[in-house]
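Please work through the exercises below with the sequence and the structure side by side, trying each task before reading its solution.

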Amino acid sequence: MSPTTGLQDISARANGAAAATPLHVAIIMDGNGRWAKRRGMPRVLGHRAGVAALKRTVEGAPAAGVGVLTVFGFSTENWRRPAHEVSELMRLLKAYVDSDLDRLAREGVRVRVIGRRVGLAPDIQEVIERAERRTADNDRFVLQVAFNYGGQADIVDAARQFAQKVERGEAKAADLDEALFESMLSTAQAPAPDVIVRTSGERRISNFLLWECAYAELVFQDVLWPDYGPDHLAAAVAEYQGRDRRYGGIAADDVAVAG
Ligand code: IPE
Ligand code: IPE
Ligand code: MG
């Protein structure tokens, strides 16, 4: 996308203009542990290499025409991992913001972090808030980091928020529809993902963007995340471009012959 393309252009495209290029790509960055294991290294070194892959991919995304990139960094289920691995994943988020925030801010990237803040240590909450505050006025590119994120947790949080409005007398149950519900999800500020990529060869969603994936194209790439980069992103975009998105309707070519 050109450096002048802003979020208004992003929402115009999201509102139905034909988009050959996926505006919003979401990635389940998977395979760090296996990458390390194959090298006889501890898993945490796979996560460190994964951060380098993230930096390469973020750098390459605007050139691939992507306006919003959402990456799954830590799931609500990842707390089940050994404590030292969890603390390394926390440390890496902090180190990423500390090392890259200036550059991201300068380059017009808006950083948003989705997921539950409750349960994160105060220093992690602080670094998330700092990244969001510092880049709040940027609109060239959006980087959404899903951290302590779970699709089910996000849906439950939205449902709780609506129930509280009803309890306070600010809404009625009959008011609830898809648009209102969606507005209460942590992803409400971004258009729905056009494509969800998962690396490492696993073929599952693992609690990522459960509501938002309704009409996303799914692309599975066999590369382990630490080996990922702009060429793999370009390949995912090319695969997406070969898909026929019908949203429950029929292909444009078939309308004339539908009878
Ligand atoms: C993805 O890599 C990173 C996170 C889940 C934080 P994994 O750590 O899941 O790597 P594998 O799946 O064990 O190879
Ligand atoms: C999903 O990967 C979470 C992230 C990439 C952050 P996992 O590796 O945790 O998922 P499962 O356990 O294979 O389903
Ligand atoms: Mg994994």
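**Exercise 1.** In this predicted model, find how far a backbone N or O atom of Gly31 lies from an oxygen atom of ligand 1, and then examine the side chains of Arg43 and Arg81 in the same way.

*Solution.* Begin with the backbone: an N or O atom of the Gly31 main chain lies 3.3 Å from an oxygen atom of ligand 1. Turn next to the side chains, where a polar atom of Arg43 lies 2.9 Å from a ligand oxygen atom, and a polar side-chain atom of Arg81 lies 2.7 Å from an oxygen atom of ligand 1. Finally, consider the surface of the ligand, which exposes 380 Å² when taken alone, and of which the protein buries 86%.

**Exercise 2.** Describe the shell around ligand 1, stating which residues form it, how they divide by character, and which elements give two or more residues to it.

*Solution.* As a starting point, the space that ligand 1 takes is the second largest pocket. The elements that contribute two or more residues to the shell are helix H2 (32–38) and helix H3 (43–60), and H2 supplies the largest share, three residues. Listing the residues around the ligand then gives Met29, Asp30, Gly31, Asn32, Gly33, Arg34, Arg43, His47, Gly73, Asn78, Arg81 and Leu89. Sorted by character, these shell residues comprise two nonpolar, six polar and four charged ones.

**Exercise 3.** Inspect Asn207 and Leu209 and decide, for each, what the sign of phi is and whether the residue is buried or exposed.

*Solution.* Locate the residues first: Asn207 has its place in the loop between S5 and S6, and Leu209 is likewise found in the loop between S5 and S6. For the backbone, Asn207 has a positive phi of about 70° although it is not a glycine, while Leu209, also not a glycine, has a positive phi of about 40°. For burial, Asn207 has a relative accessible area of 12% and is therefore buried, since the cut-off is under 20%. Leu209, at 1% relative accessibility, also counts as buried.

**Exercise 4.** Determine where Ala214 lies, whether Ala214 is buried or exposed, and what separates its C-alpha atom from that of Asp194.

*Solution.* Ala214 lies in the loop between strand S5 (195–198) and strand S6 (217–220). Its relative accessible area is 58%, so Ala214 is exposed, the requirement being over 50%. Although Ala214 and Asp194 are 20 residues apart along the chain, their C-alpha atoms are separated by 9.8 Å.

Technical notes
Residues are numbered from 1 along each chain as its sequence is written. Chains are lettered from A and ligands numbered from 1 in the order in which they are written. This is a predicted model: local features need pLDDT of at least 70, side-chain atom pairs count only at pLDDT 80 or more; totals for chains, interfaces and linings use all residues. Side-chain values use heavy atoms; hydrogens and water are left out. A residue is near a molecule or strand if one of its heavy atoms lies within 4 Å of it. A polar contact is a pair of N or O atoms within 3.5 Å; within protein, one must be able to donate a hydrogen and the other to accept it, and residues adjacent in sequence count only if both atoms are side-chain atoms. Accessible areas come from the Shrake-Rupley method with a 1.4 Å probe; for residues, only the protein chains shown count as cover. On a 1 Å grid over the protein atoms alone, a cavity is a set of points where a 1.4 Å probe fits but cannot get out, and a pocket is an open set with protein on both sides within 12 Å along at least five of seven lines; lining residues have an atom within 4 Å of a point. A molecule sits in a cavity or pocket if more than half of its atoms lie within 2 Å of its grid points. Helices (H or I, at least four residues) and strands (E, at least two) are DSSP runs, numbered from the N terminus. Ala, Val, Leu, Ile, Met, Phe, Trp, Tyr, Cys and Pro count as nonpolar, Asp, Glu, Lys and Arg as charged, and the others, Gly among them, as polar. Buried means under 20% relative accessible area, exposed over 50%, partly exposed in between (1.4 Å probe, protein chains only).
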